[in-house]
Amino acid sequence: MDLDALVGRRAAAWQRLDLLSRRRSLSGAQADELLDGYQRAATDLSIVRSSAPDATVVSYLSALISRARGRASRVPTTSWAGIGRFFAEDFPAALYRLRWWWGLTALANVVVGLVLGWWLYHHPVVENSLLTPQQVQLLVNVQFESYYHEHAASSFSTLVWVNNAWVAARCIGMGVLGVPVLWLLWQNIANLAVIGSLMHLHGRADVFWGMITPHGLLELMAIFVAAGVGLKLCWAWVAPGQRTRVANLAAEGRTAAGVAIGLVFVLLLSGAIEGFVTPSPLPTWARVGIGVLALLLFFVYVFTLGRRAALAGVTGDVDEALQADVAPTAG
């Protein structure tokens, strides 16, 4: 074998492999190129060792292959630029694109909640079958208000955050089935309607709205968003459109995963409001104003950043280069 001819023919490919193995991030095509170059370089090293074992070439190829192997098996890290792009483009664009799903979900739940609360208010016999008079008095006069004061603000915020994040995750995770999401929404809104009607019946409407509104506006909106995205997942395989059911479900599933991550931070904010603002000694108008402001900021976020990103072509899905399976596999 002519070693000089091999080096001359393969030098450019080795340099390209060296360049790829030193890059911090790779696209899907570049990752494929890295793996292909790694396999070819390993073959070159085997040929050199068996036919013309030149120490310099063997040392160079061994180092190159080791570096390429390490790059191929490296766990990707998230850059600050990627995090910034997620919150400035991907997350709000996904919310904007899916706005009809979670918007109509929110509207339907508000209407059902108000109608159910009104009906329960005018039919107290129904609630009397659910709770004893003693339990009603305890709930209305003690438990509802004390719930927001019985824990330290920081621990209470964390508890609320984890609970709401779990509810949102269930709405998205079970969304592909559709019906479980509707059941979760019904449980949530029915519970709120029962408590609200009882508080109104016993002249405690001011306490109910003063305690629910500060954190509840943003918290419920986050749950409605999760439910709407979950229902969109169900619709993705029921009516896939131009794509196959699997491809459409995969695309919407990736978007839903991103929305779930973003909602963690939305619920973190609502949890902080519930832990520090709702039970605070601030006047009711101030606490309610903070809740209204938080919800308005959410809408501004969606309909400014989200609309701008969506018009620029951002869908909330991952980059096309990352959608294929490019993970290295054992030979």
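**Reasoning from values to labels**

Biologist: Why is F299 called partly exposed?

Modeller: F299 has a relative accessible area of 27%. Buried requires under 20% and exposed over 50%, so a residue in between is partly exposed. The model is predicted, and the value is computed from it.

Biologist: What makes W102 count as buried?

Modeller: The relative accessibility of W102 is 3%. The cut-off for buried is under 20%, and W102 therefore meets it.

Biologist: How many aromatic pairs are there, and why is the pair of W102 and F299 called stacked?

Modeller: The count comes to 13 aromatic pairs. For W102 and F299, the ring centres are 6.5 Å apart and the planes form an angle of 15 degrees. Pairing needs centres within 6.5 Å, and stacking needs planes under 30 degrees apart, so both conditions hold. The two partners are 197 residues apart in the chain, W102 in helix α5 and F299 in helix α12.

Biologist: What makes the pair of Y147 and Y148 edge-to-face?

Modeller: Their planes stand at 80 degrees, with 5.0 Å from centre to centre. An angle over 60 degrees is edge-to-face, so the label follows. Y147 is partly exposed, because its relative accessible area is 37%, whereas Y148, at 5%, is buried.

Biologist: How do you know that the span of helix α12 agrees with its number of residues?

Modeller: Helix α12 runs over residues 284-311, which makes 28 residues. At 1.5 Å a residue, the expected span is 40 Å; the end C-alpha atoms are 40 Å apart, and the two values therefore agree. Just after α12, G313 has a positive phi of about 100 degrees.

Biologist: Which residues of α12 are buried, and what covers them?

Modeller: Among them are R287, L295, F298 and Y301. The cover includes α4, α5, α10 and α11. Y301 also belongs to one aromatic cluster with F86, F87, F91 and F265.

Biologist: How many disulfides does the structure hold, and how do you know that C171 is in none?

Modeller: There are 0 disulfides. The cysteine sulfur nearest to C171 is that of C234, 13 Å away. A disulfide needs the sulfur atoms within 2.5 Å, so C171 and C234 do not qualify. C171 is buried at 1% relative accessibility, and C234 is buried with a relative accessible area of 16%, because both values are under 20%.

Terms used. Residues are numbered from 1 along each chain as its sequence is written. This is a predicted model: local features need pLDDT of at least 70, side-chain atom pairs count only at pLDDT 80 or more; totals for chains, interfaces and linings use all residues. Side-chain values use heavy atoms; hydrogens and water are left out. Helices (H or I, at least four residues) and strands (E, at least two) are DSSP runs, numbered from the N terminus. The expected span of a helix is 1.5 Å times one less than its number of residues. Buried means under 20% relative accessible area, exposed over 50%, partly exposed in between (1.4 Å probe, protein chains only). Contact means heavy atoms within 4.5 Å. Rings of Phe, Tyr and Trp (its six-membered ring) pair if their centres lie within 6.5 Å; planes under 30 degrees apart count as stacked, over 60 as edge-to-face and the rest as tilted.
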